[in-house]
Amino acid sequence: KLPNQTSEATDANFEAHSLLAKIYCEQNIPQQSKVVLKSLLDQSVKYPYWHLRLLFQLSEAAYCEHDSQSVVGYLGKAAEFSCHIGASYPQLLSLLSQGTVSLLSPCGYQIYLYVLNSNGI
């Protein structure tokens, strides 16, 4: 379980931004979704649950833009952060998602090899 020691106001702020970003993606405006999410990314580092959630949402927005490299990049950041805080489930989820996206992308296998090498696998 990820530590989530936030106040109700902090949770409400992150949740509101997260929902707004989700709405932008649903309305097919992923670039605006990324702006909203990136505005909180630096603040979220203190709150592992929110930091990982924002990184996963950023990867989803990049996927909506068909930007495989950005998707893999955000998932890589999520995997590194998960490793840093000792959260194995999100790390595994990030790495598996990276592999899946990489294999489905136009230059999939090359990106997948890069991801494996950059994570020491």
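Hi everyone, this is a short walk through one protein structure, from its overall layout to a few individual residues.

Before anything else, please keep in mind that this is a predicted model. Let's start with the big picture. The protein has six helices and zero strands. Read from the N terminus, the order of elements is simply α-α-α-α-α-α. There are 121 residues in the protein, and 38% of them count as buried. If you take the contacts with a separation of 6 or more, 53% of them come from residues 24 or more positions apart.

So what sits in the middle? The largest nonpolar core has 20 residues. Which residues have the most contacts inside that core? They are Phe14 and Leu54. Four helices each supply at least two residues of this core: H1 (8-26), H2 (30-44), H3 (48-64) and H4 (68-85). As general background, nonpolar side chains in soluble globular proteins tend to be buried together.

Let's look at Leu54 first. If we set aside its neighbours within four places in sequence, Leu54 is in contact with Phe14, Leu37, Leu40, Leu41 and Ser44. Please hold on to Phe14 and Leu37, as both names come back.

Phe14 takes us to the aromatic residues. How many aromatic pairs does the structure hold? It holds three. One of them is Phe14 with Trp50, a stacked pair with 5.4 Å centre to centre and 15 degrees between the planes. This pair links distant parts of the chain, as Phe14 is in helix H1 and Trp50 is in helix H3, 36 residues apart. Are these two residues buried or exposed? Both Phe14 and Trp50 are buried.

Trp50 has another partner as well. Tyr49 and Trp50 form an edge-to-face pair, with 5.1 Å centre to centre and 80 degrees between the planes. The two residues of that pair sit in different settings: Trp50 counts as buried because its relative accessibility is 3%, whereas Tyr49, at 32%, counts as partly exposed. Add Tyr47 to the picture, and you have one aromatic cluster made of Phe14, Tyr47, Tyr49 and Trp50.

Now over to helix H2, where Leu37 lives. Its buried residues are Pro30, Ser33, Lys34, Val36, Leu37, Leu40, Leu41 and Ser44. What covers them? The cover includes H1, H3 and H4. A reminder on helix geometry: an α-helix has 3.6 residues a turn, so residues three or four places apart point the same way.

Helix H2 also has a kink of about 25 degrees, centred on Lys38. How does the end-to-end span of H2 look? With 15 residues at 1.5 Å a residue, H2 should span 21 Å, and its end C-alpha atoms are 20 Å apart, so the two values agree.

Leu37 also meets a residue of helix H3, namely Gln57. Gln57 lies in that helix, and it counts as buried because its relative accessible area is 13%, under the 20% cut-off. Leaving out neighbours within four places in sequence, Gln57 is in contact with Ser18, Ala21, Lys22 and Leu37.

Next, the cysteines. How many disulfides does the structure hold? It holds zero. Why is there no bond between Cys25 and Cys64? The closest cysteine sulfur to that of Cys25 is the one in Cys64, and at 4.2 Å it is too far for a bond, because a disulfide needs the sulfur atoms within 2.5 Å. Cys25 is buried, with a relative accessible area of 13%, while Cys83, at 48% relative accessibility, counts as partly exposed.

Finally, let's visit two loops. Most residues other than glycine have a negative phi. Which residue in the loop between H1 and H2 should we look at? It is Asn28, which has a positive phi of about 65 degrees although it is not a glycine. Asn28 counts as exposed, with 59% relative accessibility.

The loop between H3 and H4 holds His66. The phi of His66 is near 60 degrees, again a positive value in a residue other than glycine. His66 counts as exposed too, because its relative accessibility is 72%, over the 50% cut-off.

To wrap up, here is what to look for when you turn the model on your screen: Phe14 and Leu54 in the largest nonpolar core, the kink in H2 centred on Lys38, and Asn28 in the loop between H1 and H2. Thanks for listening!

Key. Residues numbered from 1 in each chain as written. Predicted model: local features only at pLDDT ≥ 70, side-chain atom pairs only at ≥ 80, totals over all residues. Heavy atoms only, no water. Core = buried A, V, L, I, M, F, W, Y, C linked by side-chain atoms within 4.5 Å. Buried < 20%, exposed > 50% of the residue type's maximum accessible area, 1.4 Å probe, protein only. Contact = heavy atoms within 4.5 Å. Expected span 1.5 Å × (residues − 1). Bend = angle between axes of the 7 residues up to and from the residue. Phe/Tyr/Trp six-rings, centres within 6.5 Å; stacked < 30°, edge-to-face > 60°.
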